[in-house]
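Please open the model in a viewer and follow the selections below in order. Each stop names what to select and then describes what is found there.

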Amino acid sequence: MRSIAIASGKGGVGKTSFVINLALALVQYHQKVLIFDADLGLANVDVMLGISPKFDIKYVINGELNLKDIIYSTEYNFDLVPASSGIVELTHLNSNQKILLKAQMEEVFKNYDYLLFDSSAGISENVLFFMYLAGERIVLCTPEPTSIADAYALIKVAYKHYKIKEFYLIVNMIKDETEGKRIYQQLLYVIERFLPEIKLSYLGGLPFDECVKTSIKSQVPYLKLCPENNISKKLVQLTFKLFKFNPQEAKGLEAFLERLITS
Ligand SMILES: Nc1ncnc2c1ncn2[C@@H]1O[C@H](COP(=O)(O)OP(=O)(O)O)[C@@H](O)[C@H]1O
Ligand SMILES: [Mg+2]
């Protein structure tokens, strides 16, 4: 199992729409995918998919339900752990709760190839927690200077706080490939200068496309709604690149559960 956190610092850069379409692209590669919605914001994964799950992670934290009972199966053949305010409590579990959750996560997560965490905006404790918990991290930014600055700040804090050293970058809403590469080079320059221990790999760029808005409005992933659009093609390419990266040391359910217990 690969566990990947998607984070950005700044909100509204396209994390949730990316996570949903990444999940769908991975399903097309015959992967079993679980999205863990770790965002307390308004534009949640369930809203974007037009679904209303009955239960969420709060029921698990309260001990009312088992993790396996709250998993929602979507029509797109990926599953979802719905978000709730319980996310904050998840970062403050005592050791007994951790042991209990570990057993439930082991049972559920062993059925998946990919576990994708959709994070909140900001650099809060819980965003950093999920970045640490996940074996890999994708940082999303847009060409806006504020978004680039926030991506850098997020990487810096994750490094200082949890000694996280490896990140992938995606530049969203670009006008062409050159723009995406230029922003990657900008970030890389600052990182090499001030945080030389950090490795930032460029996963790719996603173009600005009106279909993303249409897809959110109609609550259908853009990969389904506009499969012929450039953004869908780029997303599939980018997914394939991620699929091939597959670093061994970050992999595995065991390592994930170990991080949960020692967090
Ligand atoms: N590649 C894109 N092209 C055009 N609009 C986009 C793109 N990606 C995201 N958006 C728009 O940005 C807004 C925020 O997207 P969302 O996925 O909710 O971001 P986040 O989860 O980071 O807050 C949405 O209105 C969405 O339509
Ligand atoms: Mg979001």
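Select helix 6, residues 95-109, together with helix 13, residues 253-262: in this predicted model the two pack at an angle of about 160 degrees, their axes 10 Å apart. An angle over 145 degrees counts as roughly antiparallel, and helix 6 and helix 13 are therefore roughly antiparallel to each other. The crossing of helix 6 with helix 13 is right-handed.

Next, display the side chains at this contact. Helix 6 contributes Lys-98, Lys-102, Met-105, Glu-106 and Phe-109, which meet Leu-253, Leu-257, Leu-260 and Ile-261 of helix 13. By class, six residues of this contact are nonpolar, three are charged and none is polar.

Move now to helix 7 (residues 125-133) and helix 8 (residues 145-162). Their axes lie 10 Å apart, and the packing angle is about 70 degrees. Helix 7 is therefore roughly perpendicular to helix 8. On the helix 7 side, select Leu-128, Met-131 and Tyr-132; on the helix 8 side, select Val-157, Ala-158, His-161 and Tyr-162. These contact residues of helix 7 and helix 8 comprise six nonpolar, one polar and no charged.

The third helix pair consists of helix 1 (15-28) and helix 12 (residues 230-245), which pack at about 70 degrees with axes 10 Å apart. Helix 1 and helix 12 are therefore roughly perpendicular to each other, and their crossing is right-handed. Which residues of helix 1 meet helix 12? They are Asn-21, Leu-22, Ala-25 and Leu-26, and their counterparts in helix 12 are Leu-235, Val-236 and Thr-239. The contact of helix 1 with helix 12 has five nonpolar residues, two polar and no charged.

Keep helix 1 selected and add ligand 1. Helix 1, strand 7 (166-174) and helix 10 (210-218) each supply at least two residues of the shell around ligand 1. In total, 18 residues surround the ligand, and the closest are Gly-14, Lys-15, Thr-16, Ser-17 and Val-212. How does the shell around ligand 1 divide by class? Eight of its residues are nonpolar, seven are polar and three are charged.

For the last stop, switch to a cartoon view and select the strands. Eight of them form an open sheet with mixed pairing, in the order 3-4-2-5-1-6-7-8. Its edge strands are strand 3 (72-73) and strand 8 (199-207), each of which pairs on one side only. Strand 7, a contributor to the shell around ligand 1, stands between strands 6 and 8 in the sheet order.

Within the sheet, select strand 2 (residues 33-38) and strand 5 (residues 114-119). This pair runs in the parallel sense, over six bridges. To inspect one bridge, pick Ala-38, whose partner in strand 5 is Ser-119.

Conventions
Residues are numbered from 1 along each chain as its sequence is written. Chains are lettered from A and ligands numbered from 1 in the order in which they are written. This is a predicted model: local features need pLDDT of at least 70, side-chain atom pairs count only at pLDDT 80 or more; totals for chains, interfaces and linings use all residues. A residue is near a molecule or strand if its C-beta atom, placed from the backbone, lies within 6 Å of it. Helices (H or I, at least four residues) and strands (E, at least two) are DSSP runs, numbered from the N terminus. Ala, Val, Leu, Ile, Met, Phe, Trp, Tyr, Cys and Pro count as nonpolar, Asp, Glu, Lys and Arg as charged, and the others, Gly among them, as polar. Axes are lines fitted to C-alpha atoms, for helices over the stretch in contact, and angles run from 0 to 180 degrees between N-to-C directions. Angles under 35 degrees count as roughly parallel, over 145 as roughly antiparallel, 65 to 115 as roughly perpendicular and the rest as oblique. A crossing is left-handed if the near helix is turned anticlockwise from the far one by less than a right angle, and right-handed if clockwise. Two residues are in contact if their C-beta atoms, placed from the backbone, lie within 7 Å. Two strands pair if DSSP finds at least two bridges between them.
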